[in-house]
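Here's a quick look at a single protein chain. Have a glance at the model first, then read on for the overall picture and a couple of backbone details.

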Amino acid sequence: MAISKKNTVNPIIESMTIFVDEEDYYGCIALLHKEILLKRAKPTILEYTTRELFSAIPECVQIAVCDKINNLNEMGGSVVTGIALQMRLGEHF
């Protein structure tokens, strides 16, 4: 069943943010994979999740995190990576 509501992902985002605060990016990516990407979240939910999550991830590791998400080979991972890179365009283009 696909995730289609923000209130479903908000607790997951909070947990992922804790991993980011602890600089455990692998834990964050594992949680994203298990709880959001494998459950086939709607594109709007993926966008919301990405914007919330990547606002907490330091710029110096964002590309590495995108690479790891892309390596999961999940369709939703491409959406997350694309939105994260789009968020960086203003300052890095």
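## Fold and loops

Going along the sequence, this protein chain reads α-α-α-α-α. Bear in mind that the model is predicted. The tally is five helices and zero strands.

How does the overall size work out? The protein chain has a radius of gyration of 12 Å, which agrees with the value near 12 Å for a compact globule of 93 residues. Its C-alpha trace spans about 35 × 25 × 25 Å along the principal axes. As for packing, 38% of the 93 residues count as buried. Looking at contacts with a separation of 6 or more, 71% are between residues 24 or more positions apart.

On the outside, the accessible surface of the protein chain is about 5,700 Å², with 54% of that belonging to carbon and sulfur atoms. Charge-wise, there are 9 positive and 12 negative side chains, and the centres of these two sets sit 11 Å apart.

Now for the loops. Which residue in the loop between helix 2 (25-37) and helix 3 (43-54) is worth a look? That's Arg40, whose phi is positive, near 55°, though the residue is not a glycine. Asn73, in the loop between helix 4 (59-70) and helix 5 (75-92), also isn't a glycine and has a positive phi of about 55°. Arg40 counts as exposed because its relative accessible area is over 50%, and Asn73 is exposed as well.

| Residue | Relative accessible area |
|---|---|
| Arg40 | 67% |
| Asn73 | 69% |

How values were computed:
Residues are numbered from 1 along each chain as its sequence is written. This is a predicted model: local features need pLDDT of at least 70, side-chain atom pairs count only at pLDDT 80 or more; totals for chains, interfaces and linings use all residues. Side-chain values use heavy atoms; hydrogens and water are left out. Helices (H or I, at least four residues) and strands (E, at least two) are DSSP runs, numbered from the N terminus. The radius of gyration is taken over C-alpha atoms; the globule rule is 2.2 Å times the number of residues to the power 0.38. Buried means under 20% relative accessible area, exposed over 50%, partly exposed in between (1.4 Å probe, protein chains only). Contact means heavy atoms within 4.5 Å. Accessible areas come from the Shrake-Rupley method with a 1.4 Å probe; for residues, only the protein chains shown count as cover. Lys and Arg count as positive and Asp and Glu as negative; His and the chain ends are not counted. The place of a charge is taken as NZ of Lys, CZ of Arg, CG of Asp or CD of Glu.
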